[in-house]
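Visitor: I am new to this structure and would like a close look at one part of it. Could you pick a single piece and walk me through its surroundings?

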Amino acid sequence: MNKILRILTISAFALSGSVPLMAIAGAASFLVAIPTVAVAQDEPRNISRGREIFRDKAKCVWCHGWDGRGSQSDMGFGPSLRESFLDYEGAVEVIKCGRIGREMPAHDQRAYDDGRCYGITKADLTPEETPTPGLANLRQSEIESVAAFLVEWVFQKELTLDYCVRFYSETAVICEEFK
Ligand code: HEC
């Protein structure tokens, strides 16, 4: 019998009143806490950083949804990224440069200052064509983290419980439907 089971048995049979209940609750929460730790640590840091930027800093979720399936908000409409056939390089480019003449914003503040995006500058574009600046100006390493996250979890990928739990938490009500 392993140590935890032995503690549970002793608590349940040898003691009475509220103390064993607390001991059992304590041991049980220890048992369920193990997978949570594993989930948080079993992926590269740049992937989890990419998820955080997608969710919080750059608010990609406003147009693409927390689930990446596309969304409509006051900010605009974004298509499902789960159907995207882009690769890592393609994702880096579109996050950095946005899309000319479309609603996808550019997350590099200087995207159209010096030709770093598609070899063109603001001077080559009408104001309507120029991608708006993203909600956050992202550094190259941040853009790469978001692209890595999308390749790993979103492009051509199923929406899973694992995705939901990592996006929200183990106990999030929104993840119930994936169980
Ligand atoms: C204002 C709404 C809006 C925001 C905010 C936004 N997007 Fe987009 N995104 C769009 C739209 C609209 C398109 C489609 C552009 C087109 O028609 O080519 C798009 C396209 C894309 C594509 C290309 C998909 C493909 O296969 O062509 C990727 C990747 C993408 N967005 C990722 C992101 C990421 C990552 C963020 C946050 C850093 C973000 N988007 C923020 C609206 C938005």
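Guide: Gladly! Let us begin just past the end of a helix: Gly-98 follows helix H5, and its phi is positive, near 65 degrees. Please keep in mind that this is a predicted model.

Now step back into the helix itself. H5 covers residues 88-97, and its buried residues are Ala-91, Val-94, Ile-95, Lys-96 and Cys-97. A bit of helix geometry helps here: an α-helix makes a turn every 3.6 residues, so residues three or four places apart point the same way. As for what the buried residues of H5 meet, they pack against helix H6, which spans 140-153.

H5 also has a part in the surroundings of the ligand. Along with helix H4 (61-64) and strand S2 (76-78), H5 supplies at least two residues of the shell there. Around the ligand there are 25 residues, and those that come nearest are Cys-60, Cys-63, Gly-78, Ser-84 and Met-104. By character, the shell divides into 16 nonpolar, 6 polar and 3 charged residues.

Finally, here is the setting for our helix. The chain has 7 helices and 2 strands, and along the sequence they follow the pattern α-α-α-α-β-β-α-α-α. The chain has 179 residues, of which 23% count as buried; the five named in H5, Ala-91, Val-94, Ile-95, Lys-96 and Cys-97, are buried too. Contacts also reach across the sequence: among those between residues at least 6 apart, 50% join residues at least 24 apart.

Key:
Residues are numbered from 1 along each chain as its sequence is written. This is a predicted model: local features need pLDDT of at least 70, side-chain atom pairs count only at pLDDT 80 or more; totals for chains, interfaces and linings use all residues. A residue is buried if 20 or more other C-beta atoms lie within 10 Å of its own, exposed if 12 or fewer, and partly exposed in between; C-beta atoms are placed from the backbone. Helices (H or I, at least four residues) and strands (E, at least two) are DSSP runs, numbered from the N terminus. Two residues are in contact if their C-beta atoms, placed from the backbone, lie within 7 Å. A residue is near a molecule or strand if its C-beta atom, placed from the backbone, lies within 6 Å of it. Ala, Val, Leu, Ile, Met, Phe, Trp, Tyr, Cys and Pro count as nonpolar, Asp, Glu, Lys and Arg as charged, and the others, Gly among them, as polar.
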